[in-house]
Amino acid sequence: MSILVVAATIEEIKPSLSFLKEKQIPYLITGVGMVATTYALATHLQRHKVDLLLHVGIGGALDSSTPLGEVYQIYIDEIFGLGAEDNGAFLSIEELGFGKRMYTEKLPINIQLPDIKKAQGITVNSVHGTKASILQLHQQYQKPLIESMEGAATFFVAEQENICCLQFRSISNYIEPRNRNAWEIELAIKNLNDFLRDLLRFIN
Ligand SMILES: O=C(O)c1cccc(C(=O)CC[C@H]2O[C@@H](n3cnc4c(=O)[nH]cnc43)[C@H](O)[C@@H]2O)c1
């Protein structure tokens, strides 16, 4: 099975680069955000056959009781805010009849995955950072909820191309009014990469 490891930034998979090279597992750095991710994946998949996209990255958790650094499997991800504002209400892209916001993982058959915690994802263009917008998230979503800037785009491309896709995120921060000093990026990246290498040893 040909696997492609996908991350937004090289920093997020740096601890695994020598392992990936040694095992000859290809990786793709897409850049941050849904547009960059979609373009990078689409052009890569035109030139290379891939059976499984393994998307890894850090993300923000809505639930502040979730320990920073914990790794989650994102099983469903939403293109957050895709729709139209309508005089104080929100009309989703589904209600407008132009498509859908929700995309899911596609599990490879015949592979037993490690039993880790699962979470729903939202994918944003703009990281939530005001009390009002975060309160809305608490009112609208079940927890655990993890925010990223790429996840739904990778699920979208995988669905378009009909290939398997898994997404794993470790929690670098809480979704809260911007407080960069509280982010645990180093811990999140270490745990993410320990998990990634174990997973690849297991399935490759
Ligand atoms: O400094 C900032 O405010 C900042 C905002 C967003 C992302 C970053 C990054 O370091 C980019 C890497 C990657 O991080 C993901 N990420 C991490 N936490 C969150 C979040 O709370 N909400 C959305 N995305 C998040 C994202 O997928 C980026 O690709 C720095």
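1. Seventeen residues, written here as 17, surround the ligand, where a residue counts as near if one of its heavy atoms lies within 4 Å. The closest are E147, E150, N173, R178 and R180. The model is predicted: local features need pLDDT of at least 70, side-chain atom pairs count only at pLDDT 80 or more, and totals for chains, interfaces and linings use all residues. Numbering starts from 1 along each chain as its sequence is written, and side-chain values use heavy atoms, leaving out hydrogens and water.

2. Polar contacts are pairs of N or O atoms within 3.5 Å. An oxygen atom of the ligand lies 2.5 Å from a polar side-chain atom of E150. Nitrogen atoms of the ligand feature in two further contacts: 2.7 Å to a side-chain N or O atom of E147, and 2.8 Å to a polar side-chain atom of N173. The protein buries 85% of the 570 Å² that the ligand exposes when taken alone (Shrake-Rupley method, 1.4 Å probe).

3. The ligand occupies the space of the largest pocket. A pocket is here an open set of points on a 1 Å grid over the protein atoms alone, where a 1.4 Å probe fits, with protein on both sides within 12 Å along at least five of seven lines; a molecule sits in it if more than half of its atoms lie within 2 Å of its grid points. Strands β3 (52-61), β9 (145-148) and β10 (164-174) each give two or more residues to the shell (strands are DSSP E runs of at least two residues, helices H or I runs of at least four). By class, the shell has 6 nonpolar, 5 polar and 6 charged residues, with Asp, Glu, Lys and Arg counted as charged and Gly as polar.

4. There are 2 aromatic pairs in the structure (ring centres within 6.5 Å). Y103 and F156 form an edge-to-face pair, 5.5 Å centre to centre with 85 degrees between the planes (edge-to-face means over 60 degrees). Y103 belongs to β7 (residues 102-104) and F156 to α5 (residues 151-161), 53 residues apart.

5. K143 and P144 are joined by a cis peptide bond, with omega about 0 degrees; P144 is in the loop between α4 (131-140) and β9.

Definitions and conventions:
A polar contact is a pair of N or O atoms within 3.5 Å; within protein, one must be able to donate a hydrogen and the other to accept it, and residues adjacent in sequence count only if both atoms are side-chain atoms. On a 1 Å grid over the protein atoms alone, a cavity is a set of points where a 1.4 Å probe fits but cannot get out, and a pocket is an open set with protein on both sides within 12 Å along at least five of seven lines; lining residues have an atom within 4 Å of a point. Rings of Phe, Tyr and Trp (its six-membered ring) pair if their centres lie within 6.5 Å; planes under 30 degrees apart count as stacked, over 60 as edge-to-face and the rest as tilted.
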